[in-house]
Amino acid sequence: MSRREEYEQKTEELLLPVLSRRHFDLVDVEYVKEGATWFLRAYIDKEGGITVNDCEDVAREMNPILDELDYIDGSYTFEVSSPGLGRPLKKEKDYVRNLGKDIEIRTYRPIRHEKEFYGTLQSYDDSTVTIVTEDDVELSFAKSDIALIRQALDF
């Protein structure tokens, strides 16, 4: 396990009880470098959507815990955020949350002369994703062929 993965996993473990008390969901944790700065980001959600105040409350409770345990080498900025509309589906719970919803899939290489597909998420497993298009055509994709999968944005 990489250092980045260890930091993310430890942060998830610490966040879960904090979020559980508030009935929030943990969407993801990432430890990334942007420019010269490292960021530890927690993406949270709840039924009806997360607010700025929700993010602030979680950050206020987590900051002393992170300071006390000090398990991350070097300096970083801790942020708590909503997952955002265009967030990719990464984890099992992302797929569960989007079953029956419209999603967008972009593939690395053309499949049937196309690289972008839209449809309702019908099913998924460890290696495949199946959607049903608006024409009632069922399409299955190997996860290894998928460059991006996210909830379709309808404006």
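Leaving aside neighbours within four places in sequence, E8 is in contact with V29, E30 and Y31. This glutamate belongs to helix α1. The model is a predicted one. In it, E8 has a relative accessible area of 10%, so it counts as buried, the limit being under 20%.

Step back to the whole chain. It has 155 residues, and 37% of them count as buried. Three helices and eight strands make up its regular elements. From the N terminus on, the order is α-β-β-α-β-α-β-β-β-β-β. The C-alpha trace spans about 55 × 30 × 30 Å along its principal axes. Among contacts with a separation of 6 or more, 52% join residues 24 or more positions apart.

Now return to α1. The helix runs over residues 3–22, which makes 20 residues. At 1.5 Å a residue, a helix of that length should span 28 Å. The end C-alpha atoms of α1 are 29 Å apart, so the span agrees with the expected value. The helix does bend, however. A kink of about 30° lies at L15. The proline P17 follows shortly after that kink.

Which residues of α1 are buried? They are Y7, E8, T11, L14, L15, V18 and L19. An α-helix has 3.6 residues a turn, so residues three or four places apart point the same way. The buried residues of α1 pack against three elements: β1 (25–34), β2 (37–45) and α2 (52–69). The contacts of E8 with V29, E30 and Y31 can be read alongside this packing. L15 appears twice here, as a buried residue and as the site of the kink.

Just after α1 comes H23, with a positive phi of about 65°. Most residues other than glycine have a negative phi. Two more residues with positive phi will come up below.

Next, the helix pair. The axes of α1 and α2 come within 11 Å of each other and cross at roughly 145°. The crossing is right-handed. From α1, the contact draws on K10, L14, L15, V18, L19, R21 and R22. From α2, it draws on D57, V58, E61, M62, I65 and L69. By class, this contact has eight nonpolar residues, five charged ones and no polar ones. L14, L15, V18 and L19 take part in it, and these four are also among the buried residues of α1.

Follow the chain beyond α2. The loop between α2 and β3 (77–81) holds D70. D70 is not a glycine, yet its phi is positive, at about 40°. Is D70 buried or exposed? At 57% relative accessibility it counts as exposed, since the limit is over 50%.

Y71 sits in that loop between α2 and β3 too. Its relative accessibility is 18%, so Y71 counts as buried. What does Y71 touch, not counting residues up to four places away in sequence? Its partners are Y7, K10, T11, L14 and L66. Of these, Y7, T11 and L14 are among the buried residues of α1. K10 and L14 also belong to the contact of α1 with α2. Y71 and E6 make a further long-range pair: they are 65 residues apart in sequence and 9.5 Å apart in space, C-alpha to C-alpha.

Strand β2 contains T37. With a relative accessible area of 34%, T37 is partly exposed. T37 touches V32 and T77, residues up to four places away in sequence not being counted. T37 and L89 lie 52 residues apart in sequence and 26 Å apart in space, C-alpha to C-alpha.

The last stop is the loop between β4 (102–111) and β5 (114–124), where H113 is found. R112 lies in the loop between these two strands as well. R112 has a positive phi of about 55°, although it is not a glycine. Its relative accessibility is 61%, so R112 counts as exposed. H113 is exposed too, with a relative accessible area of 81%. How far apart in space are H113 and S123, C-alpha to C-alpha? They are 23 Å apart, with their positions ten residues apart in sequence counted as separation.

Definitions and conventions. Residues numbered from 1 in each chain as written. Predicted model: local features only at pLDDT ≥ 70, side-chain atom pairs only at ≥ 80, totals over all residues. Heavy atoms only, no water. Expected span 1.5 Å × (residues − 1). Bend = angle between axes of the 7 residues up to and from the residue. Buried < 20%, exposed > 50% of the residue type's maximum accessible area, 1.4 Å probe, protein only. Contact = heavy atoms within 4.5 Å. Axes fitted to C-alpha atoms, helices over the stretch in contact; angles between N-to-C directions. Left-handed = near helix turned anticlockwise from the far one by under 90°. Nonpolar A, V, L, I, M, F, W, Y, C, P; charged D, E, K, R; others polar.
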